[in-house]
Amino acid sequence: MARKVSTRRKMVMTAVAWALGILIFFPILWTFLTSFKTEADAIASPPQFLFFHWTTESYAEVQSRSNYLSHFMNSVIISFGSTLIGLIIAIPAAWAMAFSPTKRTKDVLMWMLSTKMMPPVGALIPIYLMFRNFGLLDSRSGLVIILTLINLPIIVWMLYTYFKEIPGEILEAARMDGASLFKEIIYVLTPMAVPGIASTLLLNIILAWNEAFWTLNLTASKAAPLTAFIASYSSPEGLFYAKLSAASTMAIAPILILGWFSQKQLVRGLTFGAVK
Amino acid sequence: MATLHTRSAARMMIAPSVVLLFLWMIVPLVMTIYFSLLNYNLLSPGMETFVGFLNYKYFLTDPAFIAALINTLLLVLGVLLITVVGGIAFALLLNQDIYGQGIVRILVIAPFFVMPTVAALVWKNMFMNPVNGLFAHLAKALGLQPFDWLANAPLFSIILIVAWQWLPFATLIMLTALQSLDEEQQEAAEMDGAGAISKFFYIILPHMARAITVVILIQTIFLLSVFAEILVTTNGGPGTQSTNLTFLVYSQALLQFDIGGASAGGIVAVILANIVAIFLVRLVGKNLEA
């Protein structure tokens, strides 16, 4: 049904779109290229685009000087841990709200959303002091708790919008056949809900991976995930462009790849189902 | 019987989420309010005294507060302006019939997945640095003086960095909205002799109203709390030129250890965020109901 578009117009539009797309992407591309340069090439004037001596020495150096891998593992544990715990808490709640809604369900959902609107500085001081008193500062478990709580509303909302799309008749049929609540969840609901749960998982891992308020304020070194580790390059190490680029490339590559798979879920998750 | 049983089961299933979120919302808030009424400094523990609203008086009359408030508003409005206008433009472009649409889309979306500290440091060092940054090289190539972005225009530079991070989000949502636009309606408008401009203002823009309001609402919530980008680029400086409310409260609490004053600032930030939230929810309420 697409309307006929003249080839000339299509070519022009294509050129403009590609030029702007590459412009937006350029900082990431430049970081990637710089990570394979020597420090001398990285600050060469005029800047070298492709014809430089390609090397991976910066990657090796970032790892050997600062134990990059341990920060990477912190990021993995914190983002996966908080997302999985969040799912365990949120799945029953979203299930109940989607399948036995009461007249207060909408209010509960709106209230959950409103907890996201609270600025983190409103909670920073007591959380910081509590963490200090309980020895949770610079601990992975402390961050898992906080990130679970800040992403819980999004997890509940996303799951709710997915569960809403599962036809209720199927559950009624299962109930008629004598399935208990427990069996209903395990055998009927779970298989149908898996795609929605997977999408929720993906988006929340991305959000937790990039979270940079609590991770910067509550960690120092031991439990620092990549957000906080990269921040330590702010000065003066950030002037070593090749090393900064290598550390940055490793920090964003996994999530960039996951992110490209989650474009659709991103819209749905972050707009709380308001735009589909 | 069955429904009663399901009802109570449902309540049990919702309870953990509600209880946790309730505690998360109420406990820190009550503690922050309590601290805000004390003269409480971490450097002199055990000396806390009740001082009433004195902390609020100090915080609200501090010149840094006015500066931070203005910076917060400029940051939010600046980023919103760039991302909403840019987002609509990109969405219109990506919605055209072009070669390699999927790849361009991926390129445009990518910045959203870059963690804030990486985005800020890459821009600060590799682009905005007055000696070795790409902008400096570009200026020299054009025969201009290199510009020290973060020293001379700190807030504007941060607005650019944050806008780069949020442009993909706006684009993606606008594009999703555009794709649900009825093709036949556009054709009918064309038959009636509508040009590209009137088509944009009378058909496309009204159709996107909901998406635009959603983008503004959600981005505002996040933009009020921009922190990492400021921490790693300017540290709020020079002076207070790039300090926003979030950063001001952080520096009072964790750099000056003034728990009482910082808590008062935190409460002020909560109140302001709530005013914005209520205002925005009212404003977009109609759109979201539809």
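Two residues count as in contact here if their C-beta atoms, placed from the backbone, lie within 7 Å. Keep that cut-off in mind for chain B of this predicted model.

**Stop 1: all of chain B.** Select chain B and show the contacts with a separation of 6 or more. Residues 24 or more positions apart account for 70% of them. Now switch to cartoon. Chain B has 13 helices and two strands.

**Stop 2: the outline.** Reduce chain B to C-alpha atoms and turn to the principal axes. The box they fill is roughly 80 × 75 × 30 Å. How does the radius of gyration of chain B stand against that of a compact globule of 290 residues? Chain B has 24 Å, while the globule would have a value near 19 Å. Colour by burial next: 43% of the 290 residues of chain B count as buried.

**Stop 3: the annotated segments.** Select residues 12-37, 64-94, 106-123, 155-178, 211-233 and 253-281 of chain B. An unreviewed UniProt entry annotates these residues as "transmembrane region".

Zoom in on two of them.

- Residues 12-37 of chain B: 96% helix and 0% strand, with the end C-alpha atoms 38 Å apart.
- Residues 211-233 of chain B: 83% helix, again with 0% strand, and 32 Å between the end C-alpha atoms.

**Stop 4: chain A.** Hide chain B and bring up chain A. Which domains divide chain A? Colour residues 7-59 as domain 1 and residues 67-232 as domain 2. Then place a marker at the C-alpha centre of each domain of chain A. The markers for domain 1 and domain 2 lie 36 Å apart.

Conventions
Residues are numbered from 1 along each chain as its sequence is written. Chains are lettered from A and ligands numbered from 1 in the order in which they are written. This is a predicted model: local features need pLDDT of at least 70, side-chain atom pairs count only at pLDDT 80 or more; totals for chains, interfaces and linings use all residues. Helices (H or I, at least four residues) and strands (E, at least two) are DSSP runs, numbered from the N terminus. The radius of gyration is taken over C-alpha atoms; the globule rule is 2.2 Å times the number of residues to the power 0.38. A residue is buried if 20 or more other C-beta atoms lie within 10 Å of its own, exposed if 12 or fewer, and partly exposed in between; C-beta atoms are placed from the backbone. Domain bounds come from an automatic or database domain assignment. UniProt positions are given in the numbering used here, feature names are shortened, and annotations may be inferred rather than shown by experiment.
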